[in-house]
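Here is a set of exercises to work through with the model open beside you. Try each task on your own before you read its solution.

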Amino acid sequence: MAQTDEFGEELADFVRRVAELKAARAIPADDLPSVLDAAIFELDHVAGRLWPWYQRLSAGAGAAPAGSGERQEQQLLKTLFQRLPVPVALVDRETVVRRLNFAAISFTGARAGYATGRPLTGLLAHADRAAFRSQTAAVARGEGDRSMTVRLPQHPSVPVRATLVAVRPSGEPRTAVMVVLQPADTRVPAGEHTPPGGVPDLTETTRHAALMDLLDAMTSALLTAPAGAVLERAARVLHGRFADWVVADAGDGHLTRTAVLGPPGEDVDALVAQDPAGCPLVVEAARGGSSVLRVRPEDPEAFGRDASGAPVLIRANVTSLLCVPLTDGGTVRGVLTLFRSGARPAFSMAEAQAMDMMSRHMALALRAVG
């Protein structure tokens, strides 16, 4: 029975990874070789393991439970793991993080305690997630240790070498995977997540001042906006200085796309033509009347697909997003969605709160000209 259950889990994992590989076809052509390699690994896995396993399901027996009396040694190993000077993560076959040491927290920019229980792929660039998940599953199946190049959203131009090693924790029936992250070169730029030294910085003060300037600019724009151009004027204030992409949808009931602003050189026509009803995040914000903040969004289809069928979040390389309803006295008069991409820092809670305040002002301006 245990063998049957494990085979079912393996098959379900395979089906899920194939779906991710299909969705990954929208990534840039330069990143496709890693996806193709992952697809070949999956095909080899079916031919070399799943099919023979299906033919011998009657074989196998569960592992005997590990003995006790090793608590002090296990505690020592946990301490050593946390104090390792290189970034190390312990994940399961689905890349869900079980442990992340201090160096890995600093290196990836994850908040302490945030990554545990979540897929490690959420800390990687979209283009690398499917391949990393496939390689991790292969290592967990016992097909050999391996390494691959990945990128972090904070520094997309700097390659990171991820080394994947199979380990069997004491007393556990399943193989885990230890992931060691190292710069492919030594030129990783220092960022906001670098451990602070003896000299304090003014990052928070600078961000607060920038938010105050943004609020002032938004107030001026709303007071001077002509009738029918409130959302377009607000979107132009937010575009560039606060978000890489700004998508505005207006309407008390049925939403219509009003404005789309993107990075220089990007084709915005696909988002202009998109029906807001096909964007799950927009529908959720409009119905619930609450803002949605996502950092490294895991679901690539959370903002729907463009006309070519590609997930919008992958096509736009979105690393964080804010979806804010424009609510006035319980009535939602529109939804504003903001994307950040590439190396830009993710939206913070303070920025989300400031955006909530601005959204109420926009809703009042829409009612005044409605």
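The exercises below move from the whole chain to its cores, salt bridges and single residues.

This is a predicted model, in which local features need pLDDT of at least 70 and side-chain atom pairs count only at pLDDT 80 or more, while totals for chains, interfaces and linings use all residues. Residues are numbered from 1 along each chain as its sequence is written, and side-chain values use heavy atoms, with hydrogens and water left out.

**Exercise 1. Take stock of the chain and its confidence**

Task: find how many helices and strands the protein chain has, and where pLDDT stays under 50.

Solution:
- Step 1. Count the elements: the protein chain holds 11 helices and 10 strands. Helices (H or I, at least four residues) and strands (E, at least two) are DSSP runs, numbered from the N terminus.
- Step 2. Look at burial: 43% of the 370 residues count as buried. Buried means under 20% relative accessible area, exposed over 50%, and partly exposed in between, with a 1.4 Å probe and protein chains only.
- Step 3. Look at contacts, meaning heavy atoms within 4.5 Å. Of the contacts with a separation of 6 or more, 56% come from residues 24 or more positions apart.
- Step 4. Check pLDDT, the predictor's confidence in each residue, from 0 to 100. The protein chain averages 79, and 75% of the residues score at least 70.
- Step 5. Mark the stretches under 50: residues 61-69, with 3 contacts beyond four places in sequence, and residues 186-201, with 13 such contacts.

**Exercise 2. Map the largest nonpolar core**

Task: work out which elements give two or more residues to the largest nonpolar core.

Solution:
- Step 1. Fix the term: a nonpolar core is a set of buried Ala, Val, Leu, Ile, Met, Phe, Trp, Tyr and Cys residues joined through side-chain atoms within 4.5 Å. In soluble globular proteins, nonpolar side chains tend to be buried together.
- Step 2. Find the centre of the network: the largest core has 34 residues, and Leu238, Leu336, Leu338, Met355 and Met362 have the most contacts inside it.
- Step 3. List the contributors of two or more residues: helices H6 (203-224), H7 (230-238) and H11 (349-369), together with strands S6 (245-250), S7 (256-261), S9 (318-328) and S10 (331-341). H11 supplies the largest share, 8 residues.
- Step 4. Zoom in on Met355: beyond its neighbours within four places in sequence, Met355 touches Leu238, Phe242, Leu322, Val324, Leu336, Leu338 and Met362.
- Step 5. Look for another core: one of 28 residues lies apart from this one, and Leu21, Ala110, Ala162 and Leu181 are among its members.

**Exercise 3. Compare the settings of the salt bridges**

Task: for the pair Glu351 and Arg340, decide whether each residue is buried or exposed, then look at other pairs.

Solution:
- Step 1. Apply the criterion: a salt bridge is a side-chain nitrogen of Lys or Arg within 4 Å of a carboxyl oxygen of Asp or Glu. The whole structure has 10 of them.
- Step 2. Inspect Glu351 and Arg340, whose closest N and O atoms are 3.1 Å apart. Glu351 sits in helix H11 and Arg340 in strand S10, 11 residues apart. Both Glu351 and Arg340 are buried.
- Step 3. Turn to Arg305 and Glu301, joined at 2.4 Å, N to O. Arg305 is partly exposed at 33%, and Glu301 is partly exposed at 33%.
- Step 4. Add Asp306 and Arg315, with N and O atoms 3.5 Å apart. Asp306 counts as buried at 12%, whereas Arg315 is partly exposed at 45%.
- Step 5. Finish with a network of salt bridges that links Asp328, Arg333 and Arg367.

**Exercise 4. Place Thr121 and helix H5**

Task: find which residue shares a polar contact of 3.0 Å with Thr121, and describe H5.

Solution:
- Step 1. Locate Thr121 in the loop between helix H4 (102-108) and helix H5 (126-140). Thr121 counts as buried because its relative accessible area is 0%.
- Step 2. Identify the partner: the side chain of Arg133 makes the 3.0 Å polar contact with that of Thr121. A polar contact is a pair of N or O atoms within 3.5 Å; within protein, one must be able to donate a hydrogen and the other to accept it, and residues adjacent in sequence count only if both atoms are side-chain atoms.
- Step 3. Describe H5: 15 of its 15 residues are buried, and Gly142, with a positive phi near 90°, follows the helix.
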